[in-house]
Amino acid sequence: MGKDGGMLASMYWPFFFGVGGVIGDGQQWFPWIHVDDVAGIMLHAINNTNVHGVLNAVAPETATNGHFTSALSTSMRRYAPFPVPKCLLSLTLGDQRADMMTSSPKILPSQTLASGYSFKYSSLQAACDDCVKWG
């Protein structure tokens with residue numbers, strides 16, 4: 001996630017106008033990462049000879065969609081009262097996309113942390129605060 005696009009670009013205005021909400025039941029895992037950490041992981045991998053294999057570019061704090069919705073609405077100082085039911089997603093986006101948005105794996109950055117990378121934004125709330133701050 002970042003200030004200038006990514007997933008927040010499509011979510012910002014609904015949340016801004018107070019019509020954002022959890023997707024489905026909100027219990028699905030919601031892997032996230034701040035764009036600064038994506039760049040940081042790439043630089044870390046390039047600059048360190050001890051880095052081998054795959055580094056998962058996800059933040060160490062796991063979150064559900066409900067947790068993410070709460071963090072984003074808190075950062076934006078808005079309510080997020082309207083859940084988006086899976087059937088509405090299926091009608092508007094198709095069954096495959098609806099399934100992707102309402103079920104997801106829990107992904108951990110085990111190898112990334114083991115390689116010595118230190119996350120700038122390991123907290124979801126701090127990442128959301130940075131992405132929506134004014135100025």
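Angles between helix axes that are under 35 degrees count as roughly parallel, over 145 as roughly antiparallel, 65 to 115 as roughly perpendicular, and the rest as oblique. Keep that in mind as you follow this tour of a predicted model.

**The whole chain**

Start with everything selected and shown as a cartoon. You will find 7 helices and 0 strands, so to read the chain from the N terminus is to read α-α-α-α-α-α-α. Turn the model around: along its principal axes, the C-alpha trace spans about 50 × 35 × 20 Å. Now switch on a surface. The accessible surface comes to about 7900 Å², and carbon and sulfur atoms account for 59% of that area. Of the 135 residues in the chain, 36% are buried. Contacts reach far along the sequence too: among those between residues at least 6 apart, 84% join residues at least 24 apart.

**Stop one: α3 and α7**

Next, select residues 124-132, which form helix α7, and add α3, residues 65-76. How are α3 and α7 set relative to each other? Their axes lie 9 Å apart and pack at an angle of about 40 degrees, so the two helices are oblique to each other. The crossing they make is right-handed. To see who takes part, show side chains for His67, Phe68, Ala71, Leu72, Thr74, Ser75 and Met76 on α3, and for Leu124, Gln125, Cys128, Asp129 and Val132 on α7. Colour them by class and you should get 7 nonpolar, 4 polar and 1 charged residues.

**Stop two: Cys128**

Stay in α7 and pick out Cys128. Is Cys128 buried or exposed? Its relative accessibility is 0%, which is why Cys128 counts as buried. Setting aside neighbours within four places in sequence, show what Cys128 touches: Met1, Phe68, Ala71, Leu72 and Ser75. Then draw a distance from the C-alpha of Cys128 to the C-alpha of Tyr12; the two residues are 116 apart in sequence, yet 11 Å apart in space.

**Stop three: α1 and α3**

Tyr12 leads us on to helix α1, so select residues 7-16 and keep α3 in view. The axes of α1 and α3 come within 11 Å and cross at roughly 65 degrees. As α1 passes α3, the crossing is right-handed. On the α1 side, the contact is made by Met7, Leu8, Met11, Tyr12, Phe15 and Phe16. From α3 come Phe68, Thr69, Leu72, Ser73 and Met76. This contact holds 9 nonpolar and 2 polar residues, with no charged ones.

**Stop four: α4 and α5**

For the last stop, select helix α4, residues 86-93, and helix α5, residues 95-102. Here the axes are 7 Å apart and the packing angle is about 140 degrees, which makes α4 oblique to α5. The crossing of α4 with α5 is right-handed. Show Lys86, Leu89, Ser90 and Leu93 of α4, and look for Asp95, Arg97, Ala98, Asp99, Met101 and Thr102 of α5, which they meet. How many charged residues does this contact have? There are 4, together with 4 nonpolar and 2 polar residues.

How values were computed. Residues are numbered from 1 along each chain as its sequence is written. This is a predicted model: local features need pLDDT of at least 70, side-chain atom pairs count only at pLDDT 80 or more; totals for chains, interfaces and linings use all residues. Side-chain values use heavy atoms; hydrogens and water are left out. Axes are lines fitted to C-alpha atoms, for helices over the stretch in contact, and angles run from 0 to 180 degrees between N-to-C directions. Helices (H or I, at least four residues) and strands (E, at least two) are DSSP runs, numbered from the N terminus. A crossing is left-handed if the near helix is turned anticlockwise from the far one by less than a right angle, and right-handed if clockwise. Contact means heavy atoms within 4.5 Å. Ala, Val, Leu, Ile, Met, Phe, Trp, Tyr, Cys and Pro count as nonpolar, Asp, Glu, Lys and Arg as charged, and the others, Gly among them, as polar. Buried means under 20% relative accessible area, exposed over 50%, partly exposed in between (1.4 Å probe, protein chains only). Accessible areas come from the Shrake-Rupley method with a 1.4 Å probe; for residues, only the protein chains shown count as cover.
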